[in-house]
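Let's take a walk through this structure, going from the overall picture down to single residues. Have the model open and follow along.

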Amino acid sequence: MSVVKPLPRWADLIFLPLINLCVAFFICGIVVWMIGENPFTALAVMIKGAFVYPGGLGYTLYYTTNFIFTGLAVATAFHAGLFNIGGEGQAYVGSLGILAASSMFAPFMPALLLVLLCIVGSALLGALWAMIPAYLQAKRGSHIVITTIMFNFLAFSLMGWLLAGPLIQPNQQSPQSSPLPEGAHMPKAQAVLDWFGVGIADSLLNMSFILALVALAVFWVLIWKTRLGFEIRTVGKNQDAALYAGINVSKIIIITMMVSGGFAGLLAVNEVMGAQHRVVLNYTAGYGFTGIAVALMGRNHPVGIFFASLLFGALFQGGTELDFEFTSITRDMVLLIQGMIILFSGALAYMFSPTLSRILSRGGS
Amino acid sequence: MIDFFYQALWTLDATLRVATPLILCAMAGIFSERSGIVDISLEGKLLSGAFVAAAVTALTGSAWVGLFAAMGASVAMSLLHGFACITHRGDQVVSGLAINILASGLTVILGIALFKRGGQTPTLAADERFRPIELWLSETLNGIPVIGPIYKELISGHSLLVYVALACVPLAAFILYRTRFGLRLRAVGEVPIAVDSAGVSVAWLRYRALIIGGLFCGIAGAYLSISHGANFVREMSAGKGYIALAAVIFGNWRPWRAFGACLMFGFLDAITSRMQGVDLPLIGEIPGQLMLALPYILTILLLSGFIGRPSPPSAIGQPYRK
């Protein structure tokens with residue numbers, strides 16, 4: 001057997017991920033078929049729900065917004081060789097920044113400034129929640145994977161307690177905060193487009209989507225065009241080399257995780273300021289974990305993250321449609337697809353690489 | 001006084017019940033992690049074990065068949081984990097995460113397809129479950145003060161699987177520290193190249209460690225759904241796999257210490273429900289959320305070297321390449 005040549009760049013970046021994605025979908029299709037439903041009908045229902053029905057596309061982009069934020073959070077940490085599983089908790093705690101900023105500044109701040117302050121607040125709180133595990137890894141040697149998992153549970157406990165106790169809306173039973181002041185709402189896409197004379201169907205899509213696109217650009221500039229980004233990538237490639245090059249590795253670990261947590265915290269902008277207009281229990285709904293699938297599929301690159309987020313946005317929105325159309329398959333199907341994608345695009349990412357390489361080199365010679 | 005004695009006894013009794021799945025999963029985690037494989041997939045294996053046990057028992061009517069099916073399902077998950085991170089040298093955390101998400105999706109999808117009850121399985125009859133066993137002489141001895149009630153309330157009256165879990169701890173300790181297989185298993189988690197150069201297969205050793213872990217997790221899952229509970233409900237494992245992982249770390253990757261950590265975490269859980277609405281002198285009422293978060297807080301403090309020094313297996317998380 002000849003030595004397996006490394007894959008050409010286009011195959012590694014586009015073809016291989018596509019094969020992995022197809023395998024993941026294929027297996028999910030088999031599960032649907034075994035349950036006794038037609039996988040193609042299910043797929044058609046999901047596509048219609050995600051793009052065709054009125055408001056479908058809006059909801060798809062609304063979910064996409066969430067996944068861009070959490071995907072960026074995971075990708076930022078990945079570039080420094082860190083695995084941040086704590087996006088869920090960081091996104092959850094981010095809402096406290098919004099509550100704090102809105103209650104402090106709402107009485108005298110104009111709406112635009114208030115929105116900006118709330119955005120900063122959510123990123124700051126997310127960053128702080130990520131800073132503790134980062135500090136513990138950098139200075140005390142505890143492993144970030146384990147600590148961020150534990151910090152998710154701590155966030156659930158903390159928020160559960162706050163929303164059922166100190167922050168609960170007075171005279172209410174359900175664990176949720178009081179509504180945000182009007183000025184801290186993120187404008188709806190429908191309202192903004194209406195102002196320009198474009199009519200779209202109502203959905204939860206709001207201006208956070210623009211913020212997410214800005215975040216993608218900021219991420220690209222930060223990682224590939226700044227000194228800090230270079231240091232982050234150096235630490236990710238080889239910590240020892242980074243140390244010898246005079247990079248303060250501990251500092252970079254802490255900063256990277258804070259940027260990562262900041263991106264995760266922004267999810268609260270979409271959910272709290274854009275959609276719910278208050279903090280409700282468990283509003284993160286697993287979006288933080290989906291961010292891991294997004295980052296793996298998107299290969300930690302902004303373009304990849306955008307398309308992976310769009311795919312997951314469509315899956316989430318299309319998945320809700322499954323509930324209406326089928327009795328035997330529900331939106332839990334999306335969890336299965338997500339798990340398969342993490343398995344094939346993450347853990348088994350290079351399973352098909354030798355085979356593909358052999359086929360390609362045979363075709364070439 | 002008598003009242004307090006019985007209160008304490010019942011709390012310890014509840015501790016044992018809560019700790020049982022933790023103990024089994026922690027032993028599973030020790031085998032896997034001592035062989036060098038990070039195992040955050042304990043949660044997913046526990047969940048799939050719980051589902052398969054309840055589903056198969058509901059279909060066949062036999063708890064034993066359910067138990068063995070659960071063990072099989074968990075082992076299958078272990079093998080998937082092994083295929084990804086031993087055979088294909090994938091990232092162990094990513095693979096574990098995939099298994100956890102797959103388990104939470106698949107259990108609900110299959111549950112709906114099989115039973116059409118929104119992901120739950122039918123409630124099992126009493127004779128289809130592992131019921132509490134009254135140990136020999138428990139009624140007779142009950143008359144003896146102190147020892148009698150301890151024997152009857154605390155030691156007797158648990159399901160078979162609780163005793164299995166308790167037996168697993170010395171068993172795990174024996175395998176790890178007193179057998180050739182255990183020695184090699186510990187070595188492969190520390191210096192795999194040494195094991196390899198001695199002519200022992202690193203991959204096969206690690207696969208075996210994962211399979212043993214799968215068997216333990218399957219029993220733990222069966223305990224949740226066909227012994228402690230009478231059916232499967234979605235997300236039934238509710239983070240117990242992660243608590244068990246915390247116990248593994250807290251126990252410094254050693255069976256007896258991890259067992260101690262499981263009992264401590266179980267105790268925290270058991271007193272949480274008893275402390276609700278109780279005003280302690282000076283402190284006031286402790287929020288239940290704080291009590292439930294304590295295992296994580298303690299583990300983080302331990303990991304950060306504030307209480308003791310953790311000594312994880314040195315080769316953990318690194319795929320082995322020849």
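Buried residues make up 57% of the 322 residues in chain B. Keep in mind that this is a predicted model, so treat what follows as a reading of that prediction. As for secondary structure, chain B comes to 13 helices and two strands. Its radius of gyration is 20 Å, close to the 20 Å that the globule rule gives for 322 residues, so chain B is as compact as a globular protein of that length. If you line chain B up on its principal axes, the C-alpha atoms fill a box of roughly 65 × 50 × 40 Å.

How do the contacts run along the sequence? Take the contacts in chain B with a separation of 6 or more: residues 24 or more positions apart account for 76% of them. On the outside, chain B exposes about 13100 Å², and carbon and sulfur atoms supply 66% of that. Chain B also carries 23 positive and 17 negative charges, and the mean positions of these two sets are 13 Å apart.

Now zoom in on helix α2 of chain B, residues 42–60. This helix has 19 residues and reaches 26 Å from its first C-alpha to its last, close to the 27 Å expected at 1.5 Å a residue. Is it enclosed or open? With 16 of its 19 residues buried, α2(B) is largely enclosed by the rest of the structure. Just after the helix comes B:Gly61, with a positive phi of about 85 degrees.

One way to see what packs around here is to look at B:Ala222, which sits in helix α10 (residues 202–228) of chain B. B:Ala222 counts as buried, because its relative accessibility is 0%. B:Ala222 and B:Val52 are 170 residues apart in sequence, yet their C-alpha atoms are 8.0 Å apart in space. Setting aside residues up to four places away in sequence, B:Ala222 touches B:Gly49, B:Ala50, B:Ala53, B:Leu67, B:Ala70, B:Leu161 and B:Ser227.

Next stop is B:Ser95, in helix α4 (residues 92–115) of chain B. B:Ser95 also has 0% relative accessibility, so it counts as buried. Which residues does B:Ser95 contact, leaving aside its neighbours within four places in sequence? In chain B they are B:His81, B:Ala84 and B:Cys85, and from chain A there is A:Ala347.

While you're in this part of the chain, check the loop between α3 (63–87) and α4 of chain B, where you'll find B:Arg89. B:Arg89 has a positive phi of about 50 degrees although it is not a glycine. At 35% relative accessibility, this arginine counts as partly exposed. There's another non-glycine to look up: B:Asn252 has a positive phi of about 55 degrees. B:Asn252 is found in the loop between α11 (240–250) and α12 (255–275) of chain B. In contrast to B:Arg89, which is partly exposed, B:Asn252 is buried, with a relative accessible area of 12%.

Over to chain A, which has 16 helices and zero strands. A compact globule of 365 residues would have a radius of gyration near 21 Å, and chain A agrees with its 22 Å. The C-alpha trace of chain A spans about 75 × 60 × 40 Å along its principal axes. Of the 365 residues, 55% count as buried. Among contacts in chain A between residues at least 6 apart in sequence, 75% join residues at least 24 apart. The accessible surface of chain A comes to about 15600 Å², with 68% belonging to carbon and sulfur atoms. As for charge, chain A has 16 positive and 13 negative charges, and their mean positions are 18 Å apart.

Within chain A, pick out helix α11, residues 249–265. Its 17 residues reach 24 Å from first C-alpha to last, close to the 24 Å expected at 1.5 Å a residue. Of those 17 residues, 12 are buried, so α11(A) is largely enclosed by the rest of the structure. The buried ones include A:Val249, A:Ile252, A:Met257 and A:Phe263.

A:Ile252 leads us to the last stop, A:Glu231, in helix α9 (residues 227–237) of chain A. Not counting residues up to four places away in sequence, A:Glu231 touches A:Ile247 and A:Ile252. Is this glutamate buried or exposed? At 16% relative accessibility, A:Glu231 counts as buried, because the cut-off for buried is under 20%.

Technical notes:
Residues are numbered from 1 along each chain as its sequence is written. Chains are lettered from A and ligands numbered from 1 in the order in which they are written. This is a predicted model: local features need pLDDT of at least 70, side-chain atom pairs count only at pLDDT 80 or more; totals for chains, interfaces and linings use all residues. Side-chain values use heavy atoms; hydrogens and water are left out. Helices (H or I, at least four residues) and strands (E, at least two) are DSSP runs, numbered from the N terminus. The expected span of a helix is 1.5 Å times one less than its number of residues. Buried means under 20% relative accessible area, exposed over 50%, partly exposed in between (1.4 Å probe, protein chains only). The radius of gyration is taken over C-alpha atoms; the globule rule is 2.2 Å times the number of residues to the power 0.38. Contact means heavy atoms within 4.5 Å. Accessible areas come from the Shrake-Rupley method with a 1.4 Å probe; for residues, only the protein chains shown count as cover. Lys and Arg count as positive and Asp and Glu as negative; His and the chain ends are not counted. The place of a charge is taken as NZ of Lys, CZ of Arg, CG of Asp or CD of Glu.
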